[in-house]
Amino acid sequence: MTATSQEPATPYPFGVADGLSVHPKLAEVRQNTPVLRIAMPYGGDAWLATRYDDVKMVLADPRFSMAATVGKDVPRPMPNIQTESSILTMDPPEHGRLRKLVAKAFTVRRVEALRPRIQQIIDDLTGTMLTSGSPADLAASVNWPLPITVICEMLGVPLADQGTFRQWTDGLLAIDGDGSKSQVNRRHLQDYLAGLIATHRAEPQDDLLSELITARDVDDRLTEAELVNFSIALLLAGHETTANQTGNFVFLLLANRGLWESLVADPSLVPAAVEELLRFVPLGGGAGFVRIAKEDVVLASGHPIAAGDAIMADMSSANRDESVYPHADQVDFHRPENQHVAFGHGAHHCLGAPLARMEMQMAVTSLVTRVPTLRLAVPAEEVEWKTDRLIRGVRSLPVAW
């Protein structure tokens, strides 16, 4: 399943993710060769869509299949072949079957009902950090514990276990030589969730995991393997992305003092600021999931994709498309019509987007109002970044006030 063009393939990714920067080659590709043939580290060649309209089409058009990649040696950044189907790789209608089981838990209305509890968590975490004194590691003090605590409480995972499963989820996203670390950590998570599911079966609780068990045992709407893998996906999505991006956002704000001061002066800007930061700050070091064309398709740009070809959609590039976003490489908290694709698009649009948005907005609002003098405790260039993970993020975020 490789790109069928005779043009030479460009090695991809273009380089190791460097902090929060988008590789400069993406702008060149977007301008000159918006659908580029790329050679992936594993599995052969693929197409890379970089413009906004093409990316949205690849993400939403059902002729591009994610299910077709399961169990196949497709182009990919990691050595492991995806052997298990999950909500992240399913196509409609199977994807919709699983999504409906938890969709009601992540509606705007249901998420809004969590606001008082989330504010309490933020206040407690921030209060503990301030009491401990300056300097502090904001990532360890607030950015990581917040979403972990929230998703633990929603799913019914004991808070005492959060440190352990955070290590496993972190290891699952590791980029290592042969992929063994990722596989080992996935097995740890599967065993852990299987045990937790058994506990909840014996003693049902008022939480999301118990609802999923009921859907498995009473309504027969998912298999046991789907139940375990679905729970892993919710744990991953519920804290890894939000924790990393919250840290990324605060780093960028503090490293560009004028942006921070603008929010201190007017905290009502925070919701628009978070949307702009979602657009501007890349989450991953590459284009993410590969899809396979089920038939011949012509992209919005006019580029043909042959049946069987692999294609990747670079959302960070789409979010920097100058034809959609004037001065796309600048942060503008007053940007109108900010319809970014940071949460994806189409059937696989992030289920937890309302929750992630609220957590990010509340965390930033609390910091700019409660700790307006917050600053980096080290020069910005000395902040250490993860370079061996699929998701970008700081290893720690030293701050002072």
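**Exercise 1. Determine which residues glutamate 322 touches, apart from those up to four places away in sequence.**

Solution. Glutamate 322 touches Arg30 and Ala328 when residues up to four places away in sequence are not counted; a contact means heavy atoms within 4.5 Å. The structure is a predicted model, in which local features need pLDDT of at least 70, side-chain atom pairs count only at pLDDT 80 or more, and totals for chains, interfaces and linings use all residues. Residues are numbered from 1 along each chain as its sequence is written, and side-chain values use heavy atoms, with hydrogens and water left out.

Next, place the residue in the fold. Glutamate 322 lies in the loop between helix 14 (315–318) and helix 15 (353–370). Helices and strands are DSSP runs numbered from the N terminus, helices being H or I of at least four residues and strands E of at least two.

Then consider accessibility. With a relative accessible area of 39%, glutamate 322 is partly exposed. The scale calls a residue buried under 20% relative accessible area, exposed over 50%, and partly exposed in between, with a 1.4 Å probe and protein chains only.

Finally, glutamate 322 and tyrosine 52 are 270 residues apart in sequence, while their C-alpha atoms are 9.2 Å apart in space.

**Exercise 2. Carry out the analysis for alanine 67, beginning with its place in the chain.**

Solution. Alanine 67 is located in the loop between strand 4 and helix 3 (94–103). Its relative accessibility is 36%, so alanine 67 counts as partly exposed. Leaving aside neighbours within four places in sequence, alanine 67 is in contact with Thr89 and Asp91. As for distance, 67 residues along the chain separate alanine 67 from serine 134, and their C-alpha atoms are separated by 49 Å.

**Exercise 3. Derive the strand order of the open sheet of six strands and describe the pairings around strand 6.**

Solution. Begin with the order: the sheet reads 1-2-3-9-6-4, with mixed pairing. Two strands pair if DSSP finds at least two bridges between them. The edges are strand 1 (10–11) and strand 4 (64–65), each of which pairs on one side only.

Proceed through the pairs:

- Strand 3 (residues 45–49) and strand 9 (residues 310–313) are parallel, over three bridges; leucine 48 stands opposite methionine 312 of strand 9.
- Strand 6 and strand 9 run antiparallel and are joined by three bridges; valine 290 also stands opposite methionine 312.
- Strand 4 and strand 6 run antiparallel and are joined by two bridges; serine 65 has isoleucine 292 in strand 6 as its bridge partner.

Now examine the two faces of strand 6. In a regular strand the side chains alternate between the two faces of the sheet. Val290 and Ile292 on one side, and Arg291 and Ala293 on the other, are all buried, and both faces of strand 6 are thus covered.

Last, add the helix. Helix 2 (residues 52–60) lies across strand 2 (35–39), strand 3, strand 4, strand 6 (290–293) and strand 9. Helix 2 runs at about 120° to strand 9, an angle taken on a scale from 0 to 180 degrees between N-to-C directions, with axes as lines fitted to C-alpha atoms, for helices over the stretch in contact.

**Exercise 4. State how many aromatic pairs the whole structure holds, and explain why the pair of phenylalanine 251 and tryptophan 385 is classed as it is.**

Solution. The search finds four aromatic pairs. Rings of Phe, Tyr and Trp (its six-membered ring) pair if their centres lie within 6.5 Å; planes under 30 degrees apart count as stacked, over 60 as edge-to-face and the rest as tilted. The ring centres of phenylalanine 251 and tryptophan 385 are 5.0 Å apart and their planes stand at 90°, so this pair is edge-to-face. Phenylalanine 251 belongs to helix 11 (residues 224–255) and tryptophan 385 to the loop between strand 10 (375–376) and strand 11 (398–400), so the pair ties together parts that are 134 residues apart in sequence. Both residues are buried.

**Exercise 5. Identify which rings lie under the charged ends of arginine 279 and arginine 320.**

Solution. For arginine 279, the ring is that of tyrosine 325, with its centre 5.1 Å from the charged end. For arginine 320, the ring is that of phenylalanine 280, with its centre 4.0 Å from the charged end. The criterion requires NZ of Lys or CZ of Arg within 6 Å of the ring centre and within 35 degrees of the ring normal.
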